[in-house]
Amino acid sequence: MFLKSLTLFNFKNYGEAELTFAEGVNAFTGNNGSGKTNILDAIHYLCLCKSYFNSSDTHSIRHGEAFFSLKGVFELNEKEEEILVVVKNGQKKTIKRNNNKIKKGGSRVCFERIHRASECFIGLCVHHRPEGGTSGAKC
């Protein structure tokens, strides 16, 4: 699976942004507070339909706005799959896959239904050094 593009609207510090990704590893660079981690959280949100950081969906709505939307276009088995998430103040979130509404079902929602969620993060590796161990990469 490959994330081809990501569109954010009123998500955290982003008013509007559209990103296109290359196959393989993609790197985000920028000053502190510029929104690099928010891009990763948007990808997490598309894969698991929830923020990694905020327990309430509405906390991810840009300050002063009424909603946010995220759209990801994934390539899976040589087919495009589009995931759209919309969160509005005072309403339930809307999740669509290829324009078909997905109903929430327990803790397994969103892209997990069509593929393992961890596959969304291919190319986004976290380098770490276990305590007392050698450095390694967890992907």
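Thr7 has Glu18 as its bridge partner in strand 2, which makes a handy way into this predicted model. Strand 1 and strand 2 pair in the antiparallel sense, with 6 bridges between them. From there the picture widens to an open sheet of 6 strands, a helix lying across part of that sheet, and a nonpolar core with 25 residues.

**The sheet**

- The 6 strands of the open sheet come in the order 2-1-3-4-5-6, and their pairing is antiparallel.
- At the edges are strand 2 and strand 6 (100-101), each of which pairs on one side only.
- Strand 1 also runs antiparallel to strand 3, and 7 bridges join the two.
- Two of the partners of strand 1 residues are worth finding on screen: Leu6 is matched with Leu19 in strand 2, while Leu3 is matched with Phe74 in strand 3.
- Towards the other end of the strand order, strand 5 (residues 94-97) and strand 6 are antiparallel and joined by 2 bridges.
- Arg97 has Asn100 of strand 6 standing opposite.

**Strand 1 and the turn that follows**

- How much of strand 1 is buried? Of its 10 residues, 7 are buried, so the strand is mostly covered.
- Asn10 is found in strand 1 and has a positive phi near 60°, although this residue is not a glycine.
- With a relative accessibility of 5%, Asn10 counts as buried.
- The hairpin of strand 1 and strand 2 has 2 residues between the strands.
- Lys12 sits in the loop between strand 1 and strand 2, and its phi, near 55°, is positive as well.
- Lys12 is buried too, at a relative accessible area of 15%.

**The helix and the nonpolar core**

- Helix 1 lies across strand 1, strand 2, strand 3 and strand 4, and runs at about 110° to strand 1.
- Which members of the largest nonpolar core touch the most other members? Among its 25 residues, the answer is Leu6, Leu8 and Leu70.
- At least two residues of this core come from each of strand 1, strand 2 (14-20), helix 1 (36-48), strand 3 and strand 4 (79-88).
- Helix 1 gives the largest share, with 6 residues.
- Leu6 shows how these parts meet: beyond its neighbours within four places in sequence, Leu6 is in contact with residues including Leu19, Phe21, Ile39, Ile43 and Lys71.

**Aromatic pairs**

- The model has 6 aromatic pairs.
- One of them joins Phe11 and Phe68 edge-to-face, with 5.1 Å from centre to centre and 70° between the planes.
- Phe11 belongs to strand 1 (residues 2-11) and Phe68 to strand 3 (residues 67-76), so this pair ties together parts that are 57 residues apart in sequence.
- Are Phe11 and Phe68 buried or exposed? Both are buried.
- Tyr45 joins Phe11 and Phe68 in one aromatic cluster.

**Salt bridges**

- As a general point, side chains of opposite charge can pair when their charged atoms come close.
- The count here is 5 salt bridges.
- Lys12 appears again at this point, as its side chain meets that of Asp41 in a salt bridge (2.5 Å, N to O).
- Asp41 lies in helix 1 and Lys12 in the loop between strand 1 and strand 2, so the pair ties together parts that are 29 residues apart in sequence.
- Asp41 is buried, with a relative accessible area of 1%.
- Another salt bridge is formed by Lys93 and Asp57, whose closest N and O atoms are 3.1 Å apart.
- This pair links distant parts of the chain, 36 residues apart: Lys93 is in the loop between strand 4 and strand 5, and Asp57 is in the loop between helix 1 and strand 3.
- Lys93 is partly exposed, at a relative accessible area of 21%.
- Glu81 forms a salt bridge with Arg97, and their closest N and O atoms are 2.9 Å apart.
- Glu81 is in strand 4 and Arg97 in strand 5, so parts that are 16 residues apart in sequence are tied together.
- The two partners have unlike surroundings: Glu81 is buried, with a relative accessible area of 5%, whereas Arg97 is partly exposed, with 28%.
- Lys4, Glu75 and Glu80 are linked in a network of salt bridges.

Technical notes:
Residues numbered from 1 in each chain as written. Predicted model: local features only at pLDDT ≥ 70, side-chain atom pairs only at ≥ 80, totals over all residues. Heavy atoms only, no water. Phe/Tyr/Trp six-rings, centres within 6.5 Å; stacked < 30°, edge-to-face > 60°. Helix = DSSP H or I, 4+ residues; strand = E, 2+ residues; numbered from the N terminus. Buried < 20%, exposed > 50% of the residue type's maximum accessible area, 1.4 Å probe, protein only. Core = buried A, V, L, I, M, F, W, Y, C linked by side-chain atoms within 4.5 Å. Contact = heavy atoms within 4.5 Å. Pairing = 2+ DSSP bridges. Axes fitted to C-alpha atoms, helices over the stretch in contact; angles between N-to-C directions. Salt bridge = Lys/Arg side-chain N within 4 Å of Asp/Glu carboxyl O.
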